[in-house]
Amino acid sequence: MSPVPENCFVPTSEIIAVEETELNKKQRNIGKWQKMAKPHAFTVYYVKKARNHRWRCSDVTFWCVDEHLCNQWIQALKELLEMQKSRPKHLLVYINPYGGKRQGKSIYEQKVAPLFSLASISTDVVITEHANHAKDNLLEVNINKYDGVVCVGGDGMFSEVMHGLIGRIQKDSGIDQNNPKAPLVQCNIRIGIIPAGSTDCICYSTIGISDPVTSALHIIVGDCQPLDVSSVHHNNTFLKYSVSLLGYGFYGDILKDSEKKRWMGPMRYDYSGFKTFLSHHYYEGTISFQPAKHTLGSPRDKDSCRTGCYICKKSEQQLAEQHKECGLKHEEDEEEWKVIKGKFLAINAVNMSCACPRSPKGLSPAAHLADGSADLILVRKCSRFDFLRYLVRHTNQDDQFDFSFVDVYRVKSFQFTSKLSEDNESNITDIGKKRFGQFCRDHPACCCNIANSTWNCDGETLDSSAIQVRVHCQFVKLFARGIEENSKDEAVYSQSSIEQLL
Ligand SMILES: CCCCCCCCCCCCC/C=C/[C@@H](O)[C@H](CO)NC(=O)CCCCCCCCCCCCCCC
Ligand SMILES: Nc1ncnc2c1ncn2[C@@H]1O[C@H](COP(=O)(O)OP(=O)(O)OP(=O)(O)O)[C@@H](O)[C@H]1O
Ligand SMILES: [Ca+2]
């Protein structure tokens with residue numbers, strides 16, 4: 001029997017399974033049970049909270065002499081489990097065998113599948129054979145027979161599954177995703193993430209750790225965490241959805257360089273990060289945005305988004321009211337736009353903190369998972385040393401927004417146009433530009449903007465630098481509880497409390 005502290009409780013919502021237990025001879029011959037003629041037993045498997053938001057499956061076995069009483073307990077506990085209606089029973093699982101350190105398949109088979117089977121969850125598993133396999137499959141599969149979709153991989157794999165699901169729902173509802181103002185239909189099928197990628201920022205930012213067993217347990221207990229999603233368009237063409245980072249300049253350049261070095265695995269980001277840091281390119285452009293006036297928080301708040309966050313709850317109420325009023329004209333279009341022109345080392349728009357193992361507090365520590373806004377971070381041209389000071393603050397407790405060259409705004413939509421595209425539209429000859437580009441490639445130390453950067457959209461590059469972005473409040477749902485406040489101290493479990501009742 002596993003050692004458990006005295007006088008503690010297990011919430012039924014965190015019981016994973018209850019099973020009748022066959023006691024072997026050795027077990028029967030220990031302690032007070034050796035005097036019993038024929039002890040009966042059952043085992044309760046439950047979520048045990050460890051440090052740093054880590055969850056583990058623990059178990060405790062209860063013995064008694066009375067077979068009828070033992071069966072009554074098993075029956076009662078199973079009935080309690082049956083009452084947990086939000087738990088998934090049948091899941092569709094996509095595994096990217098090439099994400100991160102290429103361990104997706106073994107992580108799933110060794111750590112996740114046994115837990116799903118213990119929790120009586122049945123699965124259909126697809127091991128992807130190429131990029132977009134999961135996305136294409138979701139456009140045709142009968143999704144109604146599943147209680148959720150699980151992706152085993154990184155942020156790119158999550159993005160694929162999310163695009164498949166959102167695209168499928170819009171297609172079924174006859175919504176044209178190319179129309180930037182289309183009233184998109186929310187995705188209510190929950191997505192679970194088993195982290196097996198290189199950054200795993202979505203998993204880390206939604207449960208507080210990148211750990212496959214913890215994620216599997218969040219899926220099993222059937223929690224639901226809504227997430228904001230940004231739609232990205234170029235004129236009237238839909239490009240992508242984003243849930244974590246939309247980054248131009250620094251993070252776009254890192255991604256573009258790192259794509260050629262996929263063979264390096266997760267290390268490619270550190271290598272390309274170092275190279276990009278040294279290149280120190282800045283980009284000129286114009287950014288216009290609509291401030292998110294509806295939300296209660298601000299990006300400079302000291303508190304971060306946690307389980308049951310009241311700021312996200314408030315946005316949920318507002319969303320419900322908007323749905324009720326649907327049909328009435330919204331004043332969104334008439335609301336003020338702020339315009340900022342400048343030379344930027346990085347433009348980052350984040351829908352969530354973007355915390356990950358490299359930066360445990362993330363790019364915007366006070367960003368909310370489901371408040372209907374994104375934090376727009378503008379890092380203007382500054383010295384290499386200052387930019388390094390800014391980056392280092394992502395890894396410690398100091399405020400990364402407390403710099404004269406960094407501005408942060410909470411927004412509900414924004415647009416960006418690079419100076420190069422503006423100039424192109426004003427008919428500057430291409431030949432002259434190419435010459436300029438050549439000159440600067442020959443003199444990389446000058447740091448000037450030889451070309452456009454690329455947008456990094458949740459780890460994938462976008463084809464266009466001019467984009468229009470709109471945040472959709474609580475547009476997808478995850479199997480997650482959010483990040484729990486001080487989880488270790490809150491949860492205390494006991495064998496003795498149940499044992500005394502037996
Ligand atoms: C001195 C150390 C400073 C370290 C600063 C670390 C800040 C890290 C912030 C990470 C933010 C991740 C945002 C998430 C993005 C995901 O949607 C996306 C898909 O998975 N991942 C990436 O694009 C992958 C992005 C990967 C970014 C890696 C950045 C590494 C920077 C290294 C700079 C080195 C400077 C050294 C100078 C001596
Ligand atoms: N079988 C496959 N072969 C090649 N590429 C695949 C396959 N399955 C999925 N992909 C693609 O691989 C890309 C990256 O995968 P994934 O996100 O799992 O790992 P990663 O890039 O290492 O991690 P992260 O996104 O966290 O940085 C995804 O965009 C996905 O479309
Ligand atoms: Ca948000």
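1. A good place to start is helix α3, where Gly104, Ile107, Tyr108 and Val112 are buried (20 or more other C-beta atoms within 10 Å of the residue's own, with C-beta atoms placed from the backbone). Please keep in mind that this is a predicted model, in which local features need pLDDT of at least 70, side-chain atom pairs count only at pLDDT 80 or more, and totals for chains, interfaces and linings use all residues. Residues are numbered from 1 along each chain as its sequence is written, while chains are lettered from A and ligands numbered from 1 in the order in which they are written.

2. The cover over the buried residues of α3 includes β4 (90-95), β6 (148-153), β7 (190-195) and α7 (212-221). Helices here are DSSP runs of H or I with at least four residues, strands runs of E with at least two, numbered from the N terminus.

3. Do look at Val112, where α3 has a kink of about 45°, shortly before the proline Pro114. The bend is the angle between axes fitted to the seven residues ending at a residue and the seven starting there. Just after this helix, Ser120 has a positive phi of about 60°.

4. Turning to α7, nine of its 10 residues are buried, so the helix is largely enclosed by the rest of the structure. Among them are Pro212, His218 and Val221. Gly222 follows α7 with a positive phi, near 75°.

5. Finally, ligand 1 is surrounded by 27 residues, the closest being Asp155, Thr199, Tyr269, Gly273 and Gly459 (C-beta atom, placed from the backbone, within 6 Å of the molecule). α9 gives the most to this shell, with five residues.

Terms used. A residue is buried if 20 or more other C-beta atoms lie within 10 Å of its own, exposed if 12 or fewer, and partly exposed in between; C-beta atoms are placed from the backbone. Two residues are in contact if their C-beta atoms, placed from the backbone, lie within 7 Å.
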